[in-house]
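Visitor: I should like to learn how to read the features of a model such as this one. May we go through them in turn?

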Amino acid sequence: MKKIILQVGFLIFSTFSFSQAGHIMQGVGAINMSMGGASTAQPLDISGALQWNPASISAFDEKIIKFDLGLFFSSPELSSSLPAGMMEPGSPAVSGVTKDDRGVSPMPALAMVWGKEGSKHTFGVSAFGISGFGVTFPEEANNPLSSSFNPALNSNPVNYPQQAGGFGRVESDYMLLQVGLTWAYEITDKLSVGVEPTYNYGTLELMPNPTANPSAAGYPSTNRASTTGFGAQFGLFFDSKTGFKAGVSYKTTQDMSKFEFKNTYLDNSTDTSEFDMDYPAILSFGLGYSKSDFDIALDYRMVDYENTDGFSETGWTPTASVKGFGWDNISIFSAGIQYKGIEKFPLRLGYTYSSNPISYDVAFFNIPATAIIANAFQFGFSYLAGKNISLDAVYHHGASDGKTFGQILNPMAVSPSNPNGAIPASYVAYDMTTDMVMVGISYKFNKANK
């Protein structure tokens, strides 16, 4: 029963394939997303505060509940090429592009804060999908095993069937739900401290599974494996009461159990394997300023992939499985502005920039996790329907900064001078755009009593 409850809750609150900064959500909820995710020092709503700085929920002195639901659209493209003579002696060069055929993904978020005017204590609870990636690249129809194969036509060799040297259909689905219990304490009327223990539940499905040992039939596909783990977040929040605000928070590495995969090979043989993938530590700094009809927020985050299991290692094992993603640390800059000059109708603009964790050498290993967005733009607004109710909306558009690219890698070509087995003159690349519409509602239980 406990497992069923967890799975149902996960399906309700998961992020599905949404990725902005590495595989980390840039924001949570319509208000925080519309500010570009910046909220470490500017708690405009409880969802952004709970996600990025537990100390900042001390800014709320009411009981508030908030629910958001978004529809997310992504359009990744995967391209690759092989030089002439690679398929067989005298064969021409081949190249092509495969478009993702994944549909719309829902994005919910739920948060609640208990505050009381005059109290130094504020409490919160949240259920957010904080991480995800996913692609669905179909198998290339114009492939060497097809009786109608025409090498003169465009075809994507990475998506050739495994029997023809490709991966076939490439599909991945990773999701991570985080439940947080938050407590903030006002040390003074200007300085607060917060702590948030976190519980995490995630799933991962891969087709094929490059983390498993290949057999003579190639790499297997997996079941949907699950993982659980724990971590915490700590924060400080300073409000000068003159408009200037500052904040800092640290989310620890979320220590997850290993994924235990049940693998099925193309010849229907089965095997098991394990893969250890944690969620990285995140250090956030924020500045905020509020004056008259304007609220401004600036955030900087450092994401520590280089010390995170599943991301720190890369390359082939001696048995031709993949050690990990091999991501670099990334920096994230978020900025947002809110204008409140229109009665009951605040407007918001947000921008987010993220560096790319995937280098040229490891691009091939990251085909299942191509959702890397460099620049994201948001426009949002709220309608204050009364003292108790706020209706929120945001539109998001994101794009990668050109293609993430590298060479096709082959474990059979590994040598001391070619440690990843790069195929000379080969090419693999991916890029994407994202669009999202999200709406939310928040309710203040005790506003009418104040």
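**Charge, fold and core**

Guide: Let us begin with charge. In this predicted model, the chain carries 27 positive and 39 negative side chains, and 13 Å separates the centres of the two sets.

Visitor: How many helices and strands does the chain have?

Guide: There are three helices and 22 strands. The radius of gyration is 23 Å, close to the 22 Å given by the globule rule for 450 residues, so the chain is as compact as a globular protein of that length. Along the principal axes, the C-alpha trace spans about 80 × 40 × 40 Å.

Visitor: What share of the residues in the chain is buried?

Guide: Of the 450 residues, 55% are buried, which here denotes under 20% relative accessible area. The chain exposes about 18,500 Å², and carbon and sulfur atoms supply 61% of that area.

Visitor: How should one read contacts along the sequence?

Guide: One considers how far apart the partners lie in sequence. Of the contacts between residues at least 6 apart, 70% join residues at least 24 apart.

Visitor: Which residues have the most contacts inside the largest nonpolar core?

Guide: They are Leu204, Met277, Phe325, Trp327, Phe364 and Ile367, in a core of 62 residues. Strand 5 (residues 121-137) gives the most to this core, with five residues. Beyond its neighbours within four places in sequence, Met277 is in contact with eight residues named here in full: Tyr174, Leu204, Met256, Phe259, Asp309, Gly310, Phe311 and Phe325. A second, separate core has eight residues, including Met25, Phe72, Val394 and Met438.

Definitions and conventions:
Residues are numbered from 1 along each chain as its sequence is written. Side-chain values use heavy atoms; hydrogens and water are left out. Helices (H or I, at least four residues) and strands (E, at least two) are DSSP runs, numbered from the N terminus. The radius of gyration is taken over C-alpha atoms; the globule rule is 2.2 Å times the number of residues to the power 0.38. Buried means under 20% relative accessible area, exposed over 50%, partly exposed in between (1.4 Å probe, protein chains only). Contact means heavy atoms within 4.5 Å. Accessible areas come from the Shrake-Rupley method with a 1.4 Å probe; for residues, only the protein chains shown count as cover. Lys and Arg count as positive and Asp and Glu as negative; His and the chain ends are not counted. The place of a charge is taken as NZ of Lys, CZ of Arg, CG of Asp or CD of Glu. A nonpolar core is a set of buried Ala, Val, Leu, Ile, Met, Phe, Trp, Tyr and Cys residues joined through side-chain atoms within 4.5 Å.
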